[in-house]
Amino acid sequence: MMVNTVSIRMSVLSLLCSLGVVSCLQAQDFKFTTTVSNTKVALDEPFQIQFMLENAPNVSSFTPPSFNDFEVLQGPSQMQGQSIMNGHRSEYIALIYVLQPKRVGNFTLTGATARTNGNVVHSNPVTIEVVKGARNLGPQQQQLPQTAIPQSRAQQPGRQDEMEGVLKNGEDVNAKLKKNIFVKVDVDKTSLYEGQQLTVTYKLYTRLPTNSSVTKVPAFKGFSAKDIELPNPPQATEELVNGIPFKVFIIRKTLLFPLQSGTLELDPVEVDNHVRLVKLVKNNKKAARDPFGDAFNDPFSDPFFDDFFNRPEVSYEDVPYKIQTPPVKINVKPLPVDSRPISFTGAVGKFNMTATVDKQNLSTDDALTLKVVIAGQGNVNLLNAPKLDIPSSFEKYDPKVTDNIEKNSNPLSGSRQFEFALMPLEAGDQTIPPVEFSYFDAASNSYKTMHSPAFKVHVTAGKQAKKEKEDFSENRNTITSNFNGQLQWIKDQRFLLASPWFYILLLLPLIVLIVVLFYRRKQDYQQNNAAFLKHRYANKVALKRLELAARYLREGKDKAFYEETSRAVWGYLSNKLHIPFSDLSKQLIQERLSQQQINGENTEQLFELLDNCEMALYTPMHNNDKMQGTYQQAVKVISQLEDELQRAKTVA
């Protein structure tokens, strides 16, 4: 079958815009080369020919040689990139065709022609020897020169470059898929401290045209996670694996912060692929449909495999192929205990702190705000409020927390602001002690401590200030009369029934009886419903802890909701079980609860809630009903734990 030259020309013209990107290259050595995968092929064996333009400025046209003695199975497909070797940077564009010989013999393919900077340039010609039977792989096989292709496309000496999308006769499909498609997980470290950042990247490597979808994402148990936003659709990059170029798509990139020490495992990610392979058909009269006529709209589909011809020599097979990453074990070291400052609350990274008050003169009717801002790199999203030593002359309230985290920062960077409302109780000159903040610097394996200055505050008495005590000394606040004369007593002759005191005294026993009955009834109710009252108190504790999570629920902020719910539960456990936040772990919590005879269903519901919160952070969809159910579950779990802890305390 003759090649449709008109179709080739139209396909080549569509590449001219892409070829124009080399117009801004630096003045470097220009090369225009032709290379083939093999110079000796069998009659029924396809091979690949590549035309490479290196450092070509202002390319305005490209014309391939005539392929009269060959059938064009695929092409032209385009590859473009850059390589740096020994400090020398080069950029290239490659045009690739897959050909199959029509007859036996020696054939010379003239070089391709291109116009660059107004000049016409030619690539080198190549000679192809076509034999009838299987070609000899002995010493006659020509080795491609390393200089023919940039480093990112260099082939290993003596190695035949496989044509990715073509399934040869007798070739094992599974072996081909396993060799050309796989997923990989990259971690920047496998040993780190609690709270230290771990960057995890899941990648898909492929050399085949595939329609891929992620069917399972990891849960990251034992970690707090923050995802890096990826471009949509994903952009392919190129990496060499054992000298072979692969297109690489980043499936997921996540910043992890371990919440406990020990050996933690990163769950695998699963990807379903539907790979389209080209199968050679010996009977040339057998028609086959267009292999890539269907649109591959999935982000992971291969854009370089576009078949412009409906060839009768090939058939096509869509092969399902499921792959997953191997599990990765991470060793998490506990933070040093001996040198841990009292002011340490779990911050790991590099931080700075500022503390300010909004006023220095106020009355007892006002309140001042102590604002503490902690900024830097590290587990910003897990920072706890610093411990304040507030004098008893002030009433302190829980802080308002505001986050300002830089989008897609790696390492995680930003700030967390704590606003403490302080209400003065006494007038006079008051001093708020310095705010102290400590963090663990993993780079130096040591704790760092920072202090703010002390704050001088002048407090005056307000309108609602308490009145001074009355002075009952002599001649002050006299309440008796100084009259010394004889008093006049007058007898009232009114009848007893007309006096209101008669009726008051008559009803008094009845009133006393009603009060006694009411008191007894209330006492019986409290005794019979002690469990109910305790549960109502427990509900108040739960609602107070989840107050911020409830606000995020109303605002529909799903990630913030699940993060705050998880933080509230961990904070409740830290407070009730007297465990520092940085030492919290599921194993330690279970041990402490078991010591107080709390286990079984309550513990299972607690850990199920924490797992649900972690899983929900990585579910890419908003579900208000699911958030509402998680909130109710959190209230129930904290309430039940509060009931059990109160019961254990009473028994003890």
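A cavity here is a set of grid points where a 1.4 Å probe fits but cannot get out, and its lining residues have an atom within 4 Å of a point.

**Entry 1. Cavities**

I noted at the outset that this is a predicted model. I then searched the whole structure for cavities of 30 Å³ or more and got 4. I took up the second largest cavity, which holds about 390 Å³ of space. Its lining is made of 24 residues. Those nearest the centre of the second largest cavity are S224, L259, L382, W570 and F581. I next asked which elements give two or more residues to this lining, and found β16 (223-227), β23 (344-357) and α7 (558-576). Helix α7 provides the largest share, with 4 residues. By type, I sorted the lining of the second largest cavity into 11 nonpolar, 9 polar and 4 charged residues.

**Entry 2. Strand β18 and its partners**

I looked at strand β18, residues 244-258. Buried means under 20% relative accessible area. Of the 15 residues of β18, 13 are buried, so the strand is largely enclosed by the rest of the structure.

Which strands are joined to β18? I listed β14, β16 and β17.

- β14 (residues 198-206) is joined to β18 by 9 bridges and runs antiparallel to it. In this pair I traced T201 to its bridge partner K253 in β18.
- β16, which I had met in the cavity lining, is joined to β18 by 5 bridges, again antiparallel. Here F223 has P258 of β18 as its bridge partner.
- β17 (residues 237-241) is joined to β18 by 5 bridges, and these two strands also run antiparallel. V241 has I244 of β18 as its bridge partner.

**Entry 3. The turn between β17 and β18**

I followed the chain from β17 into β18 and found a hairpin with 2 residues between the strands. N242 lies in this loop. Its phi is near 55°, which is positive although N242 is not a glycine. Is N242 buried or exposed? I found a relative accessible area of 64%; the cut-off for exposed is over 50%, so N242 counts as exposed.

**Entry 4. Two open sheets**

I wrote down an open sheet of 3 strands in the order β13-β22-β19, with mixed pairing. The edge strands are β13 (191-193) and β19 (262-266), each of which pairs on one side only. Neighbouring strands of this sheet are turned by 35° against each other on average, direction ignored. I checked β19 against β22 (residues 328-333) and found antiparallel pairing over 5 bridges. In that pair, T263 stands opposite N331 of β22.

I then wrote down an open sheet of 3 strands in the order β4-β8-β9, where the pairing is antiparallel. Strands β4 (59-63) and β9 (119-122) stand at the edges with a single partner strand each, so one side of each has no neighbour in the sheet. For this sheet the average turn between neighbouring strands is 20°, direction ignored. Strand β8 (residues 113-116) pairs with β9 in the antiparallel sense over 4 bridges. T113 stands opposite H122 of β9.

**Entry 5. The loop between β27 and β28**

I went to the loop between β27 (400-405) and β28 (413-424), where P411 lies. The peptide bond joining N410 and P411 is cis, with omega at about 5°. N408 lies in the loop between β27 and β28 as well. Phi of N408 is about 60°, a positive value, although N408 is not a glycine. How exposed is N408? Its relative accessible area is 35%, so I put N408 down as partly exposed.

**Entry 6. P101**

I located P101 in strand β6 (residues 88-101). P101 has 6% relative accessibility and therefore counts as buried. I also looked up its distance to V72, which is 29 residues away along the chain, and the C-alpha atoms of the two are separated by 9.1 Å.

**Entry 7. Residues 501-519**

I checked the UniProt record, an unreviewed entry, which lists residues 501-519 as "transmembrane region". In the model, this span is 100% helix and 0% strand. The end C-alpha atoms of residues 501-519 lie 26 Å apart.

Key
Residues numbered from 1 in each chain as written. Predicted model: local features only at pLDDT ≥ 70, side-chain atom pairs only at ≥ 80, totals over all residues. Heavy atoms only, no water. UniProt positions renumbered as here; feature names shortened; annotations may be inferred. 1 Å grid on protein atoms, 1.4 Å probe; cavity = no way out; pocket = protein on both sides within 12 Å on 5 of 7 lines; lining within 4 Å. Points joined across faces, edges and corners; volume = space filled by probe spheres on them. Nonpolar A, V, L, I, M, F, W, Y, C, P; charged D, E, K, R; others polar. Buried < 20%, exposed > 50% of the residue type's maximum accessible area, 1.4 Å probe, protein only. Pairing = 2+ DSSP bridges. Axes fitted to C-alpha atoms, helices over the stretch in contact; angles between N-to-C directions.
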